[in-house]
Amino acid sequence: MPVTVLLVDDEPLVRAGLRAVLEAQPDIEVVGEAADGAAVIPLVRQLRPDVVAMDVRMPLMDGIEATRAVLRTVPEPPKILVVTTFEDDEYVYEALRAGADGFLLKRARPAEIVHAVRLAAEGESLLFPASVRRLAARYGDGHRPARAALERARLTEREAEVLRLMARGLSNGEIAARLFVGAETVKSHVSAVLAKLGARDRTQAVIAAYESGFVEPG
């Protein structure tokens, strides 16, 4: 089955460019478009895309509010990639904190766009880990709720090790190779980490790890 994508951007040329890049792939299908975040929820409910590629800045409802709205109101929500011009933008970090699974640069090469969509759909790797570290270093310091949540989580030694490797951007397969365990064992550890932290996916778990000070962004 192809990865289905909904494009949300107020610039028609950006949507057209993304559509052309993605639909050139045999395993990706663009199922719809919208010009503003306010249109996302009904389209997500109707089309059930696997991934939403959503501009972070739009006139009526921006990508941050649209992300919050989707995650709050849609059962089994899609993966969300915010589309941005600048990767160090505070809006990007706020979108990640709101629940977005990653971000995509408008100037990215076609191969990078395709890779980002596939990676988001798979959900087993952190997208652009070095950029997430930089964002966390700039905007993520001092969030007391994150520190409290990490303390309450009471991660085991192995779960803590898995979280550190997740924060470095390693995939489940790479973590398994590093720890000399099976991939299914790693999946179980990742699931336990997400459950204990109350995180929707590994991106939110990694954000919590940085904000709590459990992992240093440097």
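This briefing walks through a sheet, a helix, some ring contacts and a few unusual backbone angles in one structure. Keep in mind that the model is predicted. At its heart, for our purposes, is an open sheet of 5 strands with parallel pairing. We'll also look at the 2 aromatic pairs that a search of the whole structure finds, and at helix 10, which covers residues 183-197.

**The sheet**

- Let's start with the strand order, which runs 2-1-3-4-5 across the open sheet.
- Strand 2 (28-34) and strand 5 are the edge strands, and each has a single partner, so one side of each is left without a neighbour in the sheet.
- Going from one strand to the next, the twist averages 25°.
- A bit of background: strands of a sheet pair through backbone hydrogen bonds, and the pairing can be parallel or antiparallel.
- Here, strand 1 and strand 2 pair in the parallel sense over 6 bridges, and you can find Val8 standing opposite Ala34 in strand 2.
- Over at strand 5, the partner is strand 4 (residues 79-84), with 4 bridges in the parallel sense.
- To spot that pairing on screen, look for Val83, which stands opposite Leu104 in strand 5.

**Strand 1, covered on both faces**

- How many residues of strand 1 (residues 3-8) are buried? The count is 6 of its 6 residues.
- Both faces of strand 1 are covered: one side carries Val3, Val5 and Leu7, the other carries Thr4, Leu6 and Val8, and all of these are buried.

**The aromatic pairs**

- One of the 2 aromatic pairs joins Tyr93 and Tyr139, with ring centres 6.3 Å apart and planes at 35°.
- Why does that pair count as tilted? Planes under 30 degrees apart would be stacked and planes over 60 would be edge-to-face, so an angle of 35° falls into the tilted group.
- Tyr93 belongs to helix 4 (residues 90-98) and Tyr139 to helix 6 (residues 129-139), so this pair ties together parts that are 46 residues apart in sequence.
- The two tyrosines have their own burial labels: Tyr93 is buried at 0% relative accessibility, while Tyr139 is partly exposed at 22%.
- Phe103 and Phe128 also pair up, and with ring centres 5.4 Å apart and planes at 45°, they are tilted too.
- Phe103 sits in strand 5 (residues 102-105) and Phe128 in the loop between helix 5 (110-122) and helix 6, so their contact ties together parts 25 residues apart in sequence.
- Phe103 is buried at 1% relative accessibility, whereas Phe128 is partly exposed at 27%.

**A charge over a ring**

- Another ring to look at is that of Tyr91: Arg57 lies over its face, at 3.9 Å from the ring centre.

**Helix 10**

- Helix 10 has 15 residues and reaches 21 Å from its first C-alpha to its last, close to the 21 Å expected at 1.5 Å a residue.
- Which residues of helix 10 are buried? They are Val186, His189, Val190, Val193, Leu194 and Leu197.
- These buried residues cover an arc of only 135° around the axis, so they lie on the same side of helix 10.
- On the other side of helix 10, Glu184 and Ala195 are exposed.
- Right after helix 10 comes Gly198, with a positive phi near 65°.

**Backbone angles worth a look**

- As a rule, most residues other than glycine have a negative phi.
- Phe128, from the aromatic pair above, goes against that habit with a positive phi of about 50°, although it is not a glycine.
- Phe180 is another non-glycine residue with a positive phi, near 60°.
- You'll find Phe180 in the loop between helix 9 (172-179) and helix 10.
- Is Phe180 buried or exposed? With a relative accessible area of 78%, Phe180 is exposed, since the cut-off for that label is over 50%.

**A glycine in a loop**

- Gly140 has its place in the loop between helix 6 and helix 7 (144-153), and at 3% relative accessibility it is buried.
- Gly140 and Gly213 are 73 residues apart along the chain, and their C-alpha atoms are separated by 9.4 Å.

Note on methods:
Residues numbered from 1 in each chain as written. Predicted model: local features only at pLDDT ≥ 70, side-chain atom pairs only at ≥ 80, totals over all residues. Heavy atoms only, no water. Phe/Tyr/Trp six-rings, centres within 6.5 Å; stacked < 30°, edge-to-face > 60°. Helix = DSSP H or I, 4+ residues; strand = E, 2+ residues; numbered from the N terminus. Buried < 20%, exposed > 50% of the residue type's maximum accessible area, 1.4 Å probe, protein only. Lys NZ or Arg CZ within 6 Å of the ring centre and 35° of its normal. Expected span 1.5 Å × (residues − 1). Arc of directions from axis to C-beta. Pairing = 2+ DSSP bridges. Axes fitted to C-alpha atoms, helices over the stretch in contact; angles between N-to-C directions.
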